[in-house]
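Welcome, and thank you for taking a look at this protein with me. Please keep the 3D view open and turn to each place as we come to it.

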Amino acid sequence: MYINNYYTATMQYATEHAALTGAAKADVCIVGAGLAGLSTAWELLSRGKSVVLLDAGRVAWGASGRNGGFVLQGWSEGLSSIERRCGKANAAALFKLSLEGVDTVRDMIARHQFPGCAPTPGKLSVVRYEDGDNLQRLRDKMATDFDFHLEYLDRQAVRERLKTDRYFQALRDVHGFHFHPLNYCLGLAQLIARNGGRIHEHSAMVRVQSERGRHRVITDQGSVDCAHVVYCCGGYGGPEFGKLRRAFLPIATYAVLTERLGERLADTVATTDAVGDNRRASDYYRIVDGDRLLWGGRITTRNLQDEKRLGQLLTDDILDVYPQLRGIRIDKAWSGLMGYARHKMPHIGPMGQGLWTCTSFGGHGMNTAPIGARVIAEAICGETDRYRLFDAYGLQWNGGPLGPAAAQTVYAGLKMMDMFQETRSQRRAAVKN
């Protein structure tokens, strides 16, 4: 069930895990073997719990194994919005959690020597219109309120690195990094299996029966008796997840890999930092294999899967930023579904006695699922109640059948606002020149 993309073409290994047959027993059953499920399994195993991990497909075959590969501070929801909703102290604690997530992933790669992850430091957050004053205020606020230090780059410094007139200023994050997400997940799966965790692929959860403080997770060919269930479904989760499925939207995003570009790319993108712009449905990209561009972007509620069409759409996006790359070929194009909550924060916390959720990480980067997993493991083991930091972000209804249309309308409106701001900034720049 792995789709053809850059990550599957360069994965180190893909161990087959047998489907669940018959009755199994464990302290915890985890539903979903993406980054969240794998991280939860490892956190629990490290605390002496027995674990069975189920997935409808393969390990990390969904969004966890085919995303941009960014491991960065923060959440999809902005810190200012989190402050307004949760208060300054809670926002600071949530930001600190996100940093812990970055450090967790970096430490796991180094400690366990996961092959093929290729962690590369640095990310540039660029703006597509004149906004230097606001960026500097944000830099100062992050330093003062959160003790997190970003480097401000003016227009000249940005354009020395990125040869385009689309970008103006940027903030550079040297704490975060980018890497090969599928190889990380596959390394984590091998680590889990070596330490006694049971992983079963092609074992979709059909339903969960709960009685007298115990739970029975049922699949087509087997079942797991356990004290705790952790739901780690992503954008591919179905109605079997009940009220959890009704709390997130499956949002599609897209990515392409260019041919080898040699000096053309070096003369265009003069940095190994990952890059993302300031729009909600932003472009994000990074250099892989030395001279290929891995470019992602666009957000829709309809999952386009025509590889040729995807390649053309994202080629247009690339050329809009870098017209000097005209004539490039796309080697691979792919799409994927993210689980995305309306409040733009993950669902982390209890759903009932012994029932937990650790999901809806769409748009957050690869640091948030690992720290969410740690928070849930701590709760199950009675260590902390850090999951309470997410109390303000419950299972908000996704809008039902009208949810996708509403989300698409919102994104269309945001795109129009982005275009207006960019056009206005370009006109002002033209007047100054």
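What follows is a walk through helices, loops and cysteines. Please bear in mind that the model is predicted.

Let us begin with helices that pack against each other. Two packed helices are described by the angle between their axes and the distance between the axes. Find helix α4, residues 88-112, and helix α7, residues 181-194. Their axes lie 11 Å apart, and the angle between them is about 60°. That angle makes α4 oblique to α7. As for handedness, the crossing of α4 past α7 is left-handed. Which residues make the contact? From α4 come Val105, Met108, Ile109 and His112, and they meet Tyr184, Leu188 and Leu191 of α7. Sorted by class, the contact has 6 nonpolar residues, 1 polar residue and no charged ones.

While you are at this spot, look for serine 39, which sits in helix α2, residues 35-45. Is serine 39 buried or exposed? With a relative accessibility of 6%, serine 39 counts as buried, because the cut-off for that word is under 20%. Setting aside neighbours within four places in sequence, serine 39 is in contact with Leu188, Ala369, Pro370 and Ala373. Leu188 is a residue we have just met, on the α7 side of the contact with α4. Val105, from the α4 side of that contact, also has a link to this serine: the C-alpha atoms of serine 39 and valine 105 are separated by 9.6 Å, although their positions lie 66 residues apart along the chain.

Now move to a second pair, helix α3 (residues 79-86) and helix α5 (residues 132-146). How do these two cross? Their axes come within 12 Å, at an angle of roughly 45°. This pair is oblique as well, α3 to α5. In α3, Leu79, Ser80 and Glu83 take part, meeting Lys141, Met142, Asp145 and Phe146 in α5. The contact of α3 with α5 has 3 nonpolar, 1 polar and 3 charged residues. Stay on α5 for a moment to find leucine 138, another residue of that helix. Its relative accessible area is 37%, so leucine 138 is partly exposed. Between the C-alpha atoms of leucine 138 and alanine 23 there are 54 Å in space, and the two residues are 115 apart in sequence.

The loops come next. Serine 282 lies in the loop between β12 (274-277) and β13. A relative accessible area of 16% makes serine 282 buried. Not counting residues up to four places away in sequence, serine 282 touches Asp277, Gly296, Gly297 and Arg298. Following the chain past β13 (284-288), you reach aspartate 289, in the loop that leads to β14 (292-300). What is special about the backbone of aspartate 289? Its phi is near 55°, a positive value in a residue other than glycine. Aspartate 289 is partly exposed, at 37% relative accessible area.

Lysine 344 also has a positive phi without being glycine, with a value near 65°. You will find lysine 344 in the loop between β15 and β16 (347-352). The relative accessible area of lysine 344 is 22%, which means that it is partly exposed. At the other end of β15 (330-341), the loop from α9 (307-321) holds arginine 329. Leaving out residues up to four places away in sequence, arginine 329 touches Thr258 and Glu259. Its C-alpha atom is separated by 26 Å from that of asparagine 278, 51 residues away along the chain.

We finish with the cysteines. A disulfide is a covalent bond between the sulfur atoms of two cysteines. How many disulfides does a search of the whole structure find? The search finds 0. To see why, start with cysteine 86: the closest cysteine sulfur belongs to cysteine 358 and is 17 Å away, too far for a bond. For cysteine 381, the closest cysteine sulfur is again in cysteine 358, 14 Å away and too far for a bond. A disulfide would need the sulfur atoms within 2.5 Å. Cysteine 86 is partly exposed, with 22% relative accessible area, and cysteine 381 is partly exposed too, at 24%.

Terms used. Residues are numbered from 1 along each chain as its sequence is written. This is a predicted model: local features need pLDDT of at least 70, side-chain atom pairs count only at pLDDT 80 or more; totals for chains, interfaces and linings use all residues. Side-chain values use heavy atoms; hydrogens and water are left out. Buried means under 20% relative accessible area, exposed over 50%, partly exposed in between (1.4 Å probe, protein chains only). Axes are lines fitted to C-alpha atoms, for helices over the stretch in contact, and angles run from 0 to 180 degrees between N-to-C directions. Helices (H or I, at least four residues) and strands (E, at least two) are DSSP runs, numbered from the N terminus. Angles under 35 degrees count as roughly parallel, over 145 as roughly antiparallel, 65 to 115 as roughly perpendicular and the rest as oblique. A crossing is left-handed if the near helix is turned anticlockwise from the far one by less than a right angle, and right-handed if clockwise. Contact means heavy atoms within 4.5 Å. Ala, Val, Leu, Ile, Met, Phe, Trp, Tyr, Cys and Pro count as nonpolar, Asp, Glu, Lys and Arg as charged, and the others, Gly among them, as polar.
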